[in-house]
Amino acid sequence: AFGQCYAARAGKPATCNGVRISVSKVNRLSSSLRVTGMDRNLAPGLAPFALFIALASKVQRARILGSAALDLCYVACGRFDGFWEMKLHPWDSAAASLMVTEAGGRVTDFKGNPFSIYSDEILASNGLIHDQMLQVMHQVNKK
């Protein structure tokens, strides 16, 4: 996007236009900038909206841009501190999740289990706020 070419290989630094990138250093959820997406075809119910409201109330700002792959790249280069979404396809998250991990971030499902490109959910962060995001998600899912 905007003349930016993101690249990552397992075990190699993530880059943008050939320059090494890294996740942000924000360590408090209340100071973080988080991004998400919402598919209009999600199953009925309030779960996605409840998560959005719960997380939005705990962070500095929340955004919805419309491209999961770009959102993840923006986490990898430190523009956003965290990202979550449901019902993605492997092509939405496979390469970009690697981008986050190779830039020093963390990618899991909503329970903190290792991420799979075939999972129904993804939570990515700079790693420093990951457990805080998981805690909010756990509280919402208990209700």
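A residue counts as partly exposed when its relative accessible area lies between the 20% limit for buried and the 50% limit for exposed. Keep that in mind as we walk through this predicted model.

**Stop 1: K87.** Select K87, in the loop between β6 and α3 (90-102). Its relative accessible area is 39%, so K87 is partly exposed. Now look at the backbone here: K87 has a positive phi of about 60°, although it is not a glycine.

**Stop 2: β6 and its partner.** Next, select strand β6, residues 82-86, together with β8. The two strands pair in the antiparallel sense, over 5 bridges. To see one place where they meet, pick M86, which stands opposite E121 in β8.

**Stop 3: β8 itself.** Select residues 121-125, which make up strand β8. Is this strand mostly covered or mostly open? Mostly covered: 4 of its 5 residues are buried. As you look along the strand, recall that side chains in a regular strand alternate between the two faces of the sheet.

**Stop 4: β7.** Add strand β7, residues 106-108, to your selection. β7 also pairs with β8 in the antiparallel sense, here over 3 bridges. Try V107 this time: opposite V107 stands A124 in β8.

**Stop 5: N17.** Finally, jump to the loop between β2 (15-16) and β3 (19-20), where you will find N17. What is the phi of N17 near? The angle is near 55°, a positive value in a residue other than glycine. With a relative accessible area of 46%, N17 is partly exposed.

How values were computed: Residues numbered from 1 in each chain as written. Predicted model: local features only at pLDDT ≥ 70, side-chain atom pairs only at ≥ 80, totals over all residues. Heavy atoms only, no water. Buried < 20%, exposed > 50% of the residue type's maximum accessible area, 1.4 Å probe, protein only. Pairing = 2+ DSSP bridges.
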